[in-house]
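User: Can you walk me through this model? I care about the metal site and the packing.

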Amino acid sequence: MISDGDLPRLLAEFAHILGTDFSVETVLDHLVRRIVEILPVAHACVMLMGETHQELRVAAAGSEAALRIGSLEHQLGEGPCTLAYLSGEPVLITGVRPDARFPGFSARADETGLAAQFAFPMRLNGDRLGALGLFHTAPVALEHADQQAAQLLADVASAYLTRAFAGIDAAITAARVHHRNLHDPVTGLPNRLLLEELLDRVVARARRSRTQAAVLLVDIEGFKAVNDGYGQHVGDQLLSGVAGRLSRTMRPGDVLARVDGSKFVVVCEDMVDGARPETVAERIVIALSAPFEPSGHKITISAAVGIAFSGPGQDIPEVLMRETDFTTYPVIQNNPTRHQSIAAAPRFAADHRADLERDLRQAPGRHELALVYQPIVDLRTGEIDGVEALVRWRHPIRGTVMPATILPAAERAGMIGALGEWVLGQGCRDLRHWRTTGLDVGFLAINVSTQHLMGPAFAPTLARALVDAEIAPASIFLEFTEDVFLADAGRALAVLREIKDLGVRLSLDDFGVGYSSVSYLHMFPVDVVKIDRAVTAQLTTEGATRPMLHAIIDLGHAFDLTVTVEGVETAEQLTDVTDLGVDHAQGFHLSHPITAEELSRYLGSGIGQE
Ligand code: C2E
Ligand code: MG
Ligand code: MG
């Protein structure tokens, strides 16, 4: 029988693989190989028979014997896997004997040398995908726990496949649409829309690989005069000529786009040591300095190259993605009289950031920081079980600044620790106040950023805040995200243990996006797993989400964790997550984050006080 820990381990591995871009075949191959290791079977295969994916009609991954079964079923159009696929029920056969449900197959089953065959349907939301087949050479039965494990794995594989197919379909459609709508008809280069999309991907890749990137803007000065003087036909030829020369200065993988009449953008990823954006800019200027000859007219252009961004790719400022307008950046010109040396830093973005950071440093002293609280509801009772503190910055001119802006600015300004301490202190004081006025808000969940948690002496700081406000540690849940493990798993474990030793409980926040290894759930001393709101949002739109969530919930409960779902925005989502067995929920449908005073009023009226 399957041993304790094998299934979670395999699910953890599988979750890890999902984050990679291995091919479907590789993933299925790995899955069936591991299934044979953990379940008492000799062979396994995944047979895909979905009508919608003709090209994969019978794809069997696995051993030779399993493949033989696959092709026999395919040839005969019947067999245990085919029946499981058609009926949606597991088919369990021990011993080779005639079976009325698939007479042709059972007559020839001994050819395969397999005496036990177990098939589990792979379905998702009524979409039939195929079956997971497990086989044994001896006529042995499959125990109930193993059957359950096999069906869970078939479900997880179905969810994966649905997602992978959706990805393949989307990629094909996207490729077609891209070419039509996302390219500049004159040069054939990506247009502004596509550039934005490509920049998103550059940032995502750079986040993973932590590499340097540069974004350069090339502007052809006087282009309008060429267009007006020689006509659009010549103008178009000139642009094509410029595009051709630009693309020859680039390395494979760099992005070149035409974003506007005379403006091109070059994105260089993976700037390895020594590669400077200035060098790229100079190369471009040189390439464009020789005359062009569209339709026999000799035209010399003046190009200005601005370095709009240069630095770690994950920091490419958002403003660049929205407005590809770099006129404020320092430039290199090929017009010798106006040659300027350049600073590689994006001046505009840097100024903007510097202002923000300066203001933020002053925010605590000016009493501009505030906490709002979002109720967390126990789905069994429908009552508020606790609240989560969320930071806000009430700036007199900027308005209310949200954590998505505050937190990165605080990190850059080196004040993430100070901000975190303020949040801890204020949260504990508010909780104390509610308690002394007789209001029961339940527990208080406080977010901690990875940098603060992993910094020096987090646990003692937390302990001090609790003592100062006279708060019992068990009233506090500390919410952290899985990047603490990616940063330094050993240190993370030590810090989390220190926190647990204080008596404070731990919530793993934003689970289900990003890396989401289920192994974290049992390797680290976590009490609560909070499913990210992106997962909730996909519940009704993406078929693959539900079984994934199901598996996470089951696993969470198997490890004695409380499962909380964030981002419940509709009654339908609330019913859905309640039915799935989620313990706690929060979201706009239940309550928006509200101020401490609003919460007091709400709870006060709820228990009969003014
Ligand atoms: P989180 O911990 O996952 O907090 C939940 C976020 O989801 C909050 O965003 C909340 O306003 C938002 N939210 C709640 N219900 C719904 C809903 O139904 N739909 C949608 N679309 N959103 C919902 P917020 O306040 O912008 O905070 C964003 C993140 O910033 C938080 O995510 C948390 O990771 C971080 N954060 C917030 N306050 C603090 C803090 O004091 N310290 C630290 N270190 N991080 C904080
Ligand atoms: Mg949170
Ligand atoms: Mg969250």
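Analyst: Conventions come before the metal site and the core.
Analyst: This is a predicted model: local features need pLDDT of at least 70, side-chain atom pairs count only at pLDDT 80 or more, and totals for chains, interfaces and linings use all residues. Residues are numbered from 1 along each chain as its sequence is written, chains are lettered from A and ligands numbered from 1 in written order, and side-chain values use heavy atoms, without hydrogens and water.

User: Which protein donors hold the magnesium ion (ligand 3)?
Analyst: Asp 509 (OD), Asp 510 (OD), Glu 566 (OE) and Glu 566 (OE), at 1.9 to 2.6 Å. Donors are N, O and S atoms within 2.8 Å of the metal (3.2 Å for Na, K and Ca); water is not among the atoms, so sites may look incomplete.

User: What spacing do the donors follow along the chain?
Analyst: D-D-x55-E.

User: What does Asp 509 bridge?
Analyst: The magnesium ion (ligand 3) and the magnesium ion (ligand 2), 4.1 Å apart.

User: Is Glu 566 buried or exposed?
Analyst: Buried, at 7% relative accessibility. Asp 510 is partly exposed at 26%. Buried means under 20% relative accessible area, exposed over 50%, partly exposed in between (1.4 Å probe, protein chains only).

User: New topic. Which residues touch the most other members of the largest nonpolar core?
Analyst: Among them are Tyr 373, Trp 434, Phe 480 and Phe 485, in a core of 75 residues. Such a core is a set of buried Ala, Val, Leu, Ile, Met, Phe, Trp, Tyr and Cys residues joined through side-chain atoms within 4.5 Å.

User: Any other core? How many residues are in it?
Analyst: Another core lies apart, with 38 residues, including Leu 39 and Phe 118.
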